[in-house]
Amino acid sequence: MTTRSNGILSKLMTPVGIAPLVTLRILFGAMMVISTVRFLVLGWVKDHYLDAKCTFKYYGFEWVQVLPEFWMYVLHALMLVGALGILFGAFYRLSAWVFFLTFTYCELIDLTYYLNHYYFVSLVAFMMTWVPAGRSFSVDVWRKPSLRLTSLPRWCIFIFQFQTAIVYTYAGLAKINHDWLIEALPLRIWLPAADKIPVLGWLFDLPWMPWIFSWIGMLYDCTIVFWLMWRPSRPWAFLTVIVFHVLTGILFQIGIFPLVMIAMATVFFSEKWHKRWQLRPWFIPALKKAGRHDEHFYPPAKPNFKLQTSLALGEIKLLFIFFVFQLLFPWRYVLYPGNLFWTEEGYRFSWRVMLMEKAGTATFFIKDSKSGREGEVLNSDFLCAHQEKQMAMQPDMVLQFAHFLKKHYAERGMADPQVRAEVWVTLNGRPSKLLLDPQLDLTKIEDGWKAKNWIYRHE
């Protein structure tokens, strides 16, 4: 190992206070509990999964299927238990794995429900399985006080800071394009539609406001991590994080993503800042009333995190691979020709957040190869409104639906069904264009990592 790598490793292994990780665990767990309960109460298990006649798959994860009704509810019950375990630090490591696996399984069932923040939640949950976040302010420590830690290796905090930096920086770099900065698209389409929002609505109707939002959004994403890292600017940067994400949450109704990003920003604060809030009476009122003092939670002691060097190095190597993937995978789009926003080859999992307004209409035709008879498919016979909307503008989903239709009609006696589709797509308010050759038999095409040469690549 070189001197430089030894220096980096030494810094990653330096003991730091556990308080920032405790705050993140509690906030993340609370948000996942609320999110899971909300999903169940709103009946989305039934709407998203049980009522689905067709589900769209991530390439390579075709084996992830909707489970029988009883087991889908068991899956979400386990998810809730895992989230509660994270929140309270109860059987923490097991709870983190349970939540990660159940949440990720559900998100892999249907590609049409892909969102950047669901992917981010899976990544954070995965990283939670690696760190001892349940070793303070937790049920585990209450059950077994000897588990309590006051410190841990710096990498346990750094991995969450670094993942947050990747999300923000890549989202900012993705905004450096002609449509976003020069044309103020798609904000020029979206903002005027929000003019009825109380108090702030009039701002969104100003003709120059989309450009202000576009440039501020790009600069914010590209630089916010640096402001959070710099101690003098950190409080003000955190304030802008709150304002920015609350505003985007109001404007775009993107679920818990704004709250997750606000929570992630807290890991940049010092141990002292976290202790100041964690030891307030309103944070732990019952324990304070029971007569327990600050020293009970953070006893004055030398760093007591003991970890075998070989195990730590093994974990760091695996996390190194994980982050190399996180850094490189979003750049895979450079391997494909054409407009990324049109083809969407390499678009997902690359932190391209709210960058385009895209819509399509897809009309499918099924033909019996033996008789030559052809008929139009009614998409709503197989897809819900959300699925049809997402499918009609994304090439890989168009292809999947064509293969689904072939299988469906072949099982009902049609001889070697052929499927073609007339798909019109509009991008950022521009006139609609054909996505592919409407005479092409899509059942003869297989999906994969190679460029989709059957897509019209309009320049």
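**Exercise 1. Locate Leu 335, state between which helices its loop lies, and determine which residues make a nonpolar surface patch with it.**

*Solution.* Step 1: Leu 335 lies in the loop that runs between helix H18 (309-328) and helix H19 (340-343). Helices here are DSSP runs of H or I with at least four residues, strands are runs of E with at least two, and both are numbered from the N terminus. The model is a predicted one, in which local features need pLDDT of at least 70, side-chain atom pairs count only at pLDDT 80 or more, and totals for chains, interfaces and linings use all residues. Residues are numbered from 1 along each chain as its sequence is written, and side-chain values use heavy atoms, with hydrogens and water left out.

Step 2: the relative accessible area of Leu 335 is 69%, so this residue is classed as exposed (buried is under 20%, exposed over 50%, partly exposed in between, with a 1.4 Å probe and protein chains only).

Step 3: Leu 335 joins Leu 173, Ile 176, Trp 331 and Val 334 in a nonpolar surface patch of about 520 Å². Patches consist of residues with over 30% relative accessible area and no salt bridge; nonpolar side chains (Val, Leu, Ile, Met, Phe, Trp, Tyr) are joined within 5 Å, and like charges within 9 Å. The areas come from the Shrake-Rupley method with a 1.4 Å probe; for residues, only the protein chains shown count as cover.

**Exercise 2. Characterise Asn 339 by its loop, its accessibility and its contacts.**

*Solution.* Step 1: Asn 339 is also placed in the loop between H18 and H19. Step 2: its relative accessible area is 30%, so Asn 339 is partly exposed. Step 3: leaving aside residues up to four places away in sequence, Asn 339 touches Leu 427 and His 458 (contact means heavy atoms within 4.5 Å). Step 4: from Asn 339 to Asp 437 there are 98 residues in sequence, and the C-alpha to C-alpha separation is 18 Å.

**Exercise 3. Derive the strand order of the open sheet and identify its edge strands.**

*Solution.* Step 1: two strands pair if DSSP finds at least two bridges between them. Strand S3 (residues 358-367) is joined to S5 by 10 bridges, and the two run antiparallel; Ile 366 has Val 419 in S5 as its bridge partner.

Step 2: S3 and S4 are antiparallel over 3 bridges, and Lys 367 is the bridge partner of Glu 374 in S4. Their hairpin has 6 residues between the strands, and Gly 372 takes a positive phi near 80° there.

Step 3: strand S5 (residues 418-427) is antiparallel to S6, with 2 bridges joining them; Val 425 is matched with Lys 433 in S6.

Step 4: the 4 strands follow the order S4-S3-S5-S6 in an open antiparallel sheet. Strand S4 (374-376) and strand S6 (433-434) each pair on one side only and are the edges.

**Exercise 4. Establish how many residues of helix H14 are buried and which helices they pack against.**

*Solution.* Step 1: of the 9 residues in helix H14 (residues 257-265), 8 are buried. Step 2: these are Phe 257, Pro 258, Val 260, Met 261, Ile 262, Ala 263, Met 264 and Ala 265. Step 3: their packing partners are helix H2 (19-41), helix H6 (116-128), helix H8 (155-174), helix H12 (209-229) and helix H13 (234-252).

**Exercise 5. Give the number of salt bridges and examine the pair Lys 46 and Asp 51 and the pair Asp 195 and Lys 196.**

*Solution.* Step 1: the criterion is a side-chain nitrogen of Lys or Arg within 4 Å of a carboxyl oxygen of Asp or Glu, and the count is 14 salt bridges.

Step 2: Lys 46 and Asp 51 meet at 3.0 Å, N to O. Lys 46 is partly exposed at 43%, and Asp 51 is partly exposed at 42%.

Step 3: Asp 195 and Lys 196 meet at 3.4 Å, N to O. Asp 195 is partly exposed at 25%, whereas Lys 196 is exposed at 71%.

**Exercise 6. Assess the confidence of the chain and of residues 286-296.**

*Solution.* Step 1: pLDDT is the predictor's confidence in each residue, from 0 to 100. The chain averages 89, and 91% of the residues score at least 70.

Step 2: residues 286-296 stay under 50, and the model gives them 9 contacts beyond four places in sequence. Residues 299-310 are also below 50, with 19 contacts beyond near neighbours in sequence.

Step 3: where pLDDT is low, the predicted coordinates should not be read in detail.
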